[in-house]
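Here are a few exercises to work through with the viewer open. Try each one yourself before you read the solution.

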2 protein chains.
Amino acid sequence: CPLPRAETSLSRLVRRLLSARRSLDLCIFSFSCPQLARAVHLLHRRGVRVRLVTDAQYMGLHGSQIGRLRHAGIQVRHDQHSGYMHHKFAIVDRRMLITGSLNWTTQAIQSNRENVLVVDDAACVKPFLDEFERIWEEYNPANYSF
Amino acid sequence: CPLPRAETSLSRLVRRLLSARRSLDLCIFSFSCPQLARAVHLLHRRGVRVRLVTDAQYMGLHGSQIGRLRHAGIQVRHDQHSGYMHHKFAIVDRRMLITGSLNWTTQAIQSNRENVLVVDDAACVKPFLDEFERIWEEYNPANYSF
């Protein structure tokens with residue numbers, strides 16, 4: 001469980017993501033970092049199954065990478081409620097959890113004090129896998145109530 | 001490592017905090033939740049050594065509990081830079097780490113999708129202990145440059 005300083009951890013985070021072979025499940029509150037978006041896009045092009053959940057109020061902010069990722073064909077779902085979908089975690093191949101305080105924004109990576117945990121203990125990963133599947137279904141457009 | 005839904009986890013979080021016997025080290029970006037402030041205050045009154053680090057830009061926002069905790073005699077330090085002190089973690093008795101996406105705000109607890117990890121594996125706790133001590137010294141008023 002490393003706790004890298006955010007300013008030095010981007011390349012390590014990218015490397016962890018790029019280790020995905022089968023799936024990448026993402027719950028990312030705010031996603032504006034181009035380097036992280038490039039890694040996600042690359043995985044999608046390699047045939048890794050990428051699913052991305054984000055926050056409806058933040059997905060349209062200046063610099064957001066969500067539109068670009070959707071345009072590339074990546075499945076994106078977002079919340080429908082007034083509170084925030086405030087998670088910032090990734091699950092690689094359903095086995096490795098990457099989570100912490102870090103939003104996937106350039107501002108956070110360059111300027112903030114942040115933490116990122118990398119966990120592969122199954123008992124820790126399981127609740128996040130369950131939360132991801134719960135959110136993925138809950139935010140399915142088929143369930144929209146308007 | 002439970003991942004409780006935020007709306008049901010407040011009492012569990014309070015119970016974990018109240019288990020502190022010797023020390024409570026807090027790095028909390030935004031702190032406005034009265035119930036959590038009451039728990040911290042209670043520990044201070046019990047003689048537990050409480051140290052609190054927070055973000056300078058958020059400590060003065062409406063509803064912030066920082067002033068109240070300082071008034072009660074709890075040591076509080078804050079960052080001096082333009083980026084955010086964005087951690088949201090607590091270390092109980094230097095052994096149990098509580099960390100995640102959850103800001104200690106009523107809005108986050110009531111309205112958001114959040115996660116909180118509770119970890120007592122020493123290899124995971126150590127980097128957070130080190131980060132706390134590093135920040136605590138860095139934000140020492142004796143080191144102010146103005």
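What follows is a set of worked exercises on a predicted model.

**Exercise 1. Work out the strand order of the six-stranded sheet in chain B, and find which strands stand at its edges.**

Step 1: Trace the neighbours. The sheet is open, its order in chain B is 3-2-1-4-5-6, and the pairing is mixed.

Step 2: Look at the ends of that order. Strand 3 (75-78) and strand 6 (116-119) of chain B each have a single partner strand, so one side of each is left without a neighbour in the sheet.

Step 3: Add the twist, which averages 10 degrees from one strand to the next.

Step 4: Check a parallel pair. Strand 2 (residues 49-54) of chain B pairs with strand 3 of chain B in the parallel sense over four bridges. Here B:Arg51 sits opposite B:Gln75 of strand 3 of chain B.

Step 5: See what lies across the sheet. Helix 5 (residues 122-138) of chain B does, spanning strands that include strand 1 (23-28) and strand 4 (88-92) of chain B, and it runs at about 75 degrees to strand 2 of chain B.

**Exercise 2. Take strand 5 of chain B: which residues are buried on each of its faces?**

Step 1: Recall the pattern. In a regular strand, side chains alternate between the two faces of the sheet.

Step 2: Sort the residues by face. B:Met96, B:Ile98 and B:Gly100 are on one side, B:Leu97 and B:Thr99 are on the other, and all are buried. That fits the overall count, with five of the five residues of strand 5 of chain B buried.

Step 3: Now the partners. Strand 5 of chain B pairs with strand 4 of chain B in the antiparallel sense over four bridges, and B:Ala90 has B:Ile98 as its bridge partner. These two strands make a hairpin with three residues between them, and B:Asp93 in the turn has a positive phi of about 50 degrees.

Step 4: Strand 6 of chain B also runs antiparallel to strand 5 of chain B, joined by four bridges. In this pairing B:Leu97 is opposite B:Val119.

**Exercise 3. Classify two aromatic pairs of chain B, B:Tyr58 with B:Tyr84 and B:Phe89 with B:Phe128.**

Step 1: Get the total. Searching the whole structure gives twelve aromatic pairs over all chains.

Step 2: For B:Tyr58 and B:Tyr84, the centres are 5.4 Å apart and the planes make 85 degrees, an edge-to-face pair. B:Tyr58 is in the loop between strand 2 and helix 3 (66-71) of chain B, B:Tyr84 is in the loop between strand 3 and strand 4 of chain B, and they are 26 residues apart.

Step 3: Check exposure. B:Tyr58 is partly exposed at 27% relative accessibility, and B:Tyr84 is partly exposed too, at 24%.

Step 4: For B:Phe89 and B:Phe128, the centres are 5.1 Å apart and the planes are at 85 degrees, so this pair is edge-to-face. B:Phe89 belongs to strand 4 of chain B and B:Phe128 to helix 5 of chain B, so the pair ties together parts 39 residues apart in sequence. Both B:Phe89 and B:Phe128 are buried.

**Exercise 4. Find the operation that lays chain B on chain A.**

Step 1: Superpose the chains. A turn of 180 degrees with a shift of 0.0 Å along the axis gives an RMSD of 0.0 Å.

Step 2: Interpret the numbers. The two copies are thus related as by a two-fold rotation axis.

Step 3: Compare the contact residues. The same surface serves both copies, as 100% of the contact residues of chain B recur in chain A.

Conventions:
Residues are numbered from 1 along each chain as its sequence is written. Chains are lettered from A and ligands numbered from 1 in the order in which they are written. This is a predicted model: local features need pLDDT of at least 70, side-chain atom pairs count only at pLDDT 80 or more; totals for chains, interfaces and linings use all residues. Side-chain values use heavy atoms; hydrogens and water are left out. Two strands pair if DSSP finds at least two bridges between them. Axes are lines fitted to C-alpha atoms, for helices over the stretch in contact, and angles run from 0 to 180 degrees between N-to-C directions. Contact means heavy atoms within 4.5 Å. Copies are superposed by least squares on the C-alpha atoms of residues with pLDDT of at least 70 in both. Buried means under 20% relative accessible area, exposed over 50%, partly exposed in between (1.4 Å probe, protein chains only). Rings of Phe, Tyr and Trp (its six-membered ring) pair if their centres lie within 6.5 Å; planes under 30 degrees apart count as stacked, over 60 as edge-to-face and the rest as tilted.
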